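Trainee: I should like to learn how to read the features of a protein model. Would you guide me through one, beginning with the general idea each time?

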Amino acid sequence: MGKDTEHTILKKCRDGDKASFRWVVQTYQRMVFSLALKMLADEEEAKDVVQDTFIRVWQNLEGYDFQRPFATWLYTIATRLCLDRLRRMHIKPMPQDETVLRRFADDADTERTLENSEWTSIVRMLAAELSEKQRLVFTLCQLEGLSMAEVERISGIDVGKVKSNLHAARQKIRKRLTELGYE
């Protein structure tokens, strides 16, 4: 779909067209859920973030700047909601998380898709020692595949700090994997 078509749909949403908004939700909810699950390591919390994100989008469409990519604006809202939840949560790895990580690492099928519960376990194991910023940057860059510039726009963290947080996150994750017996 082209940018013009998306803008037309978003303008209809801004005018209160619920069918157009339904399209927006259906188009982007998997993206938001993926981000939230990776950041929060909790499926129910991630589902709540998806709902809260689209409520905020609906309520704030008047403030959306059509010069910015919609996905970036959406990621920004979802990221802030995730960060708010992370501040309230204390995510700790569970004993079975290490088992899931070991099973996944030993799986020869590289095309295997992870179930939500497996993502949750792996994220809890690897991100337990990351700071909030490191987890955010790692999730957006490594797991979501966004560029440094996009991460800067979404998070408000300048590119230099994005790079340093990403480096620190990678180092901590490498150390954790080494501790678990992986090179």
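Mentor: Let us begin with how the elements are assigned: helices and strands are DSSP runs, a helix having at least four residues and a strand at least two, numbered from the N terminus. In this model, which is predicted, the order of elements along the sequence is α-α-α-α-α-α-α-α-α.

Trainee: How many helices and how many strands does the chain contain?

Mentor: The chain has nine helices and zero strands.

Trainee: How may I check the length of a helix?

Mentor: The expected span is 1.5 Å times one less than the number of residues. Helix H4 covers residues 70-88, and its 19 residues should span 27 Å; the C-alpha atoms at its ends are 28 Å apart, which agrees. For helix H7, residues 132-143, the 12 residues should span 16 Å, and the end C-alpha atoms are 15 Å apart, again in agreement.

Trainee: What follows H7?

Mentor: Gly145 follows H7, and its phi is positive, near 75°.

Trainee: How should I judge whether a helix is covered or open to the surroundings?

Mentor: One useful general idea is that an α-helix has 3.6 residues a turn, so residues three or four places apart point the same way. Then one looks at burial, for which the cut-off is under 20% relative accessible area. In H4, 14 of the 19 residues are buried, so this helix is mostly covered. In H7, the buried residues are Gln134, Arg135, Leu136, Val137, Phe138, Thr139, Leu140 and Cys141. Over the whole chain of 183 residues, 44% count as buried.

Trainee: Which residues have the most contacts inside the largest nonpolar core?

Mentor: They are Val24, Phe54, Val57, Phe70, Leu74 and Leu140, within a core of 50 residues. At least two core residues come from each of helix H1 (3-14), helix H2 (18-40), helix H3 (43-60), H4, helix H6 (116-127), H7, helix H8 (148-155) and helix H9 (159-179). H2 supplies the largest share, 12 residues. Take Val24 as one case: apart from neighbours within four places in sequence, Val24 is in contact with Ile9, Leu10, Cys13, Phe54 and Phe70.

Trainee: How do I read aromatic pairs?

Mentor: One compares the distance between ring centres and the angle between ring planes; planes over 60 degrees apart count as edge-to-face. Seven aromatic pairs are found in the whole structure. In one of them, the ring centres of Tyr64 and Phe70 are 5.6 Å apart and the planes meet at 85°, so the pair is edge-to-face.

Trainee: Are Tyr64 and Phe70 buried or exposed?

Mentor: Tyr64 has 4% relative accessibility and therefore counts as buried. Phe70, at 2%, is buried. Ring pairs also join Tyr64 and Phe70 with Tyr28, Phe66 and Trp73 in a cluster. In addition, Lys11 lies over the face of Phe66, 5.3 Å from the ring centre.

Trainee: How should I consider the cysteines?

Mentor: A disulfide is a covalent bond between the sulfur atoms of two cysteines. A search of the whole structure finds zero disulfides. Cys13 is buried, with a relative accessible area of 2%, and Cys82 is buried, at 0%.

Trainee: How do I recognise parts of the chain that are separated in sequence but meet in space?

Mentor: One looks at contacts against sequence separation. Among contacts in the chain with a separation of 6 or more, 68% involve residues 24 or more positions apart. Arg68, in the loop between H3 and H4, offers an example. Arg68 and Arg153 are 85 residues apart along the chain, with C-alpha atoms separated by 9.8 Å. Beyond its neighbours within four places in sequence, Arg68 is in contact with Trp73, Thr76 and Arg153. Its relative accessibility of 29% makes Arg68 partly exposed.

Trainee: Which residues does Gln134 touch, not counting those up to four places away in sequence?

Mentor: Gln134 touches Glu129, Asn165, Ala168, Ala169 and Lys172. Gln134 lies in helix H7 and is buried, with a relative accessible area of 8%. The C-alpha atoms of Gln134 and Val162 are separated by 8.3 Å, although the two residues are 28 residues apart along the chain. Lys161, placed in helix H9, is 27 residues from Gln134 in sequence and 9.8 Å away in space, C-alpha to C-alpha. Lys161 counts as partly exposed, at 48% relative accessibility.

Terms used
Residues are numbered from 1 along each chain as its sequence is written. This is a predicted model: local features need pLDDT of at least 70, side-chain atom pairs count only at pLDDT 80 or more; totals for chains, interfaces and linings use all residues. Side-chain values use heavy atoms; hydrogens and water are left out. Rings of Phe, Tyr and Trp (its six-membered ring) pair if their centres lie within 6.5 Å; planes under 30 degrees apart count as stacked, over 60 as edge-to-face and the rest as tilted. Buried means under 20% relative accessible area, exposed over 50%, partly exposed in between (1.4 Å probe, protein chains only). A charge sits over a ring if NZ of Lys or CZ of Arg is within 6 Å of the ring centre and within 35 degrees of the ring normal. A disulfide is a pair of cysteine sulfur atoms within 2.5 Å. A nonpolar core is a set of buried Ala, Val, Leu, Ile, Met, Phe, Trp, Tyr and Cys residues joined through side-chain atoms within 4.5 Å. Contact means heavy atoms within 4.5 Å.
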